[in-house]
Structures are given as C-alpha cells and as structure tokens.
Amino acid sequence: METLQQSPFSNDQYTVGWICALPIELAVAKGTLDEEHGAPQTPTAEADQNAYLLGRVGNFKVVVACLPNDQISSVSAAVVAGDIVSTFPKIRIGLLVGIGAGIPDEDNDSRLGDVVFSSDKESGGVVVYDFGKRLADGSFQRISILNRPPRSLSSALVQLEAAHMTRETHISHYIDTMLQKHPIMRKAGYRRPAQDTDRLFDAHYQHSAGRTCKGCDPSEEVSREPRQDKYPLWTIATGDSVIKHAPTREELKQTHNAICLEMEASGLMNNFPCLIIGGISDCADSHKNDRWHAYAAAAAAGCAKEVLQYVLPKEVDLASAAKDVLGQGTNFETVR
Ligand SMILES: [Zn+2]
C-alpha cells in the first residue's frame, strides 16, 4: 500500500497554494509537480477537511489543496482558503486550477481544451454570476466583478503571453512527462481527444439523448474554421451553479464578454490573492458530457506550471501573506 511520506520541509516554507476541487484536478496537479514532498510536517487542525499534497514546481514549494468531496461550491472554496492559510501561514499566492465551461462566440472563439485565465485587460478580473438570484424579468440580481490577480501573477501572465508569441506552449510537453511518470493515466483520457469531438450546436438546439451527441442533428452544428491560436486570455464568469442552458450562457456572454464559466472560484477569488486557470471542458449547454474533462484539467495544470516559471520568487516574498489579506473584503465590487 502506498503511504504518504512526511515532507522534509516545515509548513511555513510553502508559499504557493494550488487549489482544486475534483479528483481529476488533484491527479493532474500531482502529475505536474516536479517533486513530491508528501504530507504536511505539522498536522492540520481537525476542522481542516482539505486533502493536501506538498511538492515543488520550479522555484516554488507548493501546497496542493483539494476541496472536500461533498462540498463543491463557492462557499466551501472560501472555507478551504481559510483552512489552507491557517495550516500554511506563509502562502502568498494562490492558483485555482481546474475545469470550466466555455462560452464560444465569433469574437472569442473558445474551443474545448483551451485554457482561460481570470485576467482580462479591460474588466480586470472575474465576473461572478449567481444563478439562484435570477429576477422575474430574467436579469441577474447579483453580478460582481472581482479583483485582478496579485501583481506577481499578473506580470508573470504578461511574460507568458509574450513567450507564446515566440514559441509553442509547454502544455503538451508537461502532459507527456506526466503520462511517462504515471503510465496508468494514458488510459484515462488525459491525452487531447480528437478534434472532431469538439462540437458546438446552435444555442437553441437541445441535446437529443444519451451520454454523447451521437443522436444530435449535425445540421444544427455551428460550422467553425480550424483555429491556430490556442490559448487566448479572457474573463472568467463564475458562479455556484453548473450552466447547462445555452440561452443563459448567451446572456452572460453578451453582458460580460465572458468566455469561461467556473464553479468553485467565486468564494475564493473574493479576497484570496489568486489567479484562476481554467481548462475548457464543455460548452455550458445541454450537450455537456465529460469526454474532454481529463484533458482540460491536464492542460490547465500544465498552464499553471508554465505561469509559475515566470513568477519571480522575490516578488512573492515581498507580497503580503494570504492570511493577512484573507477576509478583508476590500477588493469586492458589486455591479447590477
Ligand atoms: Zn448533443
């Protein structure tokens, strides 16, 4: 039986929190670490329900924290953040790495397997929708715009964006390395699925039946040109509910120019200094299935690793500890 060794490093030597919500997201985080350290030296408080995995990515000692299985919502993301910074008091930046639904359109041509960041040049951050607070006239009662990611991560993103103009991303290389290290993952969809399984249907066309779109009418499919540019940076809309309703998706898109929806981020991004990195796994419509989930999670993890390459350890050291920022709630702006 595999037992988790104890990390040779004390809890206060870890400065980066990598937060995820699903077992596949935890698996790809593990597969992406350059080195695994094992379990925390100082055990967590009893109330702390997070699963932790410690390790190194590039220059950073990283805490991977996974949400408790039964509590996937933005509320638990806030609890997770509180627990993580009390167990690891020197964490300064956070990465929320996982899968989300994309909102495709002619301008923002997002495709399955793309990776999206919570850093948009115009709006500055994340758009939060709350599906439960829908008013009778169909508008959203509460839409909030959250803060930009911390400076060290924003400047790393600029560097990464520039790097991608001169070279390919390292995502596929990182996935290959992960599959070499953990061969059993080769059978589980972590490789990029065939392009013809990325099908987008007209927003008003409902899924016929079954787990795949085999029975769906091909004439309702939106025809899209093959696309070269793979990793655009756009706003993420985030909320507590999974969207499987194309008209709602269209509304979010038009109101907020958002291209990706994330579920777990809203409670965390509120005041934890973090960057959301989301791999697009479906199109937020009734045709939603899980064929692209594993690859989208792996692509997001690879991208997180690439971002960390451009983060300067010095800037991270100079930043305030997340525990001092958490709960201040000063960077939360609500618009209607
Ligand atoms: Zn379908």
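**Reading helix packing and a zinc site**

Reader: Helix H1 (residues 23-32) packs against H7 at an angle of about 40°, and their axes lie 9 Å apart. What describes two packed helices in general?

Author: Two quantities are used: the angle between the axes and the distance between them. The present model is predicted. H1 and H7 are oblique to each other, because their angle of about 40° falls outside the ranges for parallel, antiparallel and perpendicular packing. H1 passes H7 in a right-handed crossing.

Reader: Which residues of H1 and H7 make the contact?

Author: H1 contributes Ile-24, Glu-25, Val-28 and Thr-32, while H7 contributes His-293, Ala-294, Ala-297, Ala-298, Ala-301 and Lys-305. By class, this contact of H1 with H7 comprises six nonpolar, two polar and two charged residues.

Reader: At what angle do the axes of H4 and H7 cross?

Author: The axes of H4 (residues 171-181) and H7 (residues 293-309) cross at roughly 110° and come within 8 Å. H4 is therefore roughly perpendicular to H7. The crossing of H4 and H7 is right-handed. From H4, Ile-171, Tyr-174, Ile-175 and Met-178 meet residues of H7 including Tyr-295, Gly-302, Cys-303 and Gln-309.

Reader: Which protein donors surround the zinc ion, and what arrangement do the four donor atoms have?

Author: As a general reference, the ideal angle for four tetrahedral donors is 109.5 degrees. Here the protein donors are His-207 (ND1), Cys-213 (SG), Cys-216 (SG) and His-287 (ND1), at 2.1 to 2.3 Å from the zinc ion. The four donor atoms subtend angles of 94 to 122°, so the arrangement is tetrahedral. Along the chain, the donors follow the spacing H-x5-C-x2-C-x70-H.

Terms used:
Residues are numbered from 1 along each chain as its sequence is written. This is a predicted model: local features need pLDDT of at least 70, side-chain atom pairs count only at pLDDT 80 or more; totals for chains, interfaces and linings use all residues. Side-chain values use heavy atoms; hydrogens and water are left out. Axes are lines fitted to C-alpha atoms, for helices over the stretch in contact, and angles run from 0 to 180 degrees between N-to-C directions. Helices (H or I, at least four residues) and strands (E, at least two) are DSSP runs, numbered from the N terminus. Angles under 35 degrees count as roughly parallel, over 145 as roughly antiparallel, 65 to 115 as roughly perpendicular and the rest as oblique. A crossing is left-handed if the near helix is turned anticlockwise from the far one by less than a right angle, and right-handed if clockwise. Contact means heavy atoms within 4.5 Å. Donors are N, O and S atoms within 2.8 Å of the metal (3.2 Å for Na, K and Ca); water is not among the atoms, so sites may look incomplete. Four donors count as tetrahedral if all angles lie between 85 and 135 degrees; four count as square planar and six as octahedral if opposite donors are over 155 degrees apart and all others between 65 and 115; anything else is irregular. Ala, Val, Leu, Ile, Met, Phe, Trp, Tyr, Cys and Pro count as nonpolar, Asp, Glu, Lys and Arg as charged, and the others, Gly among them, as polar.
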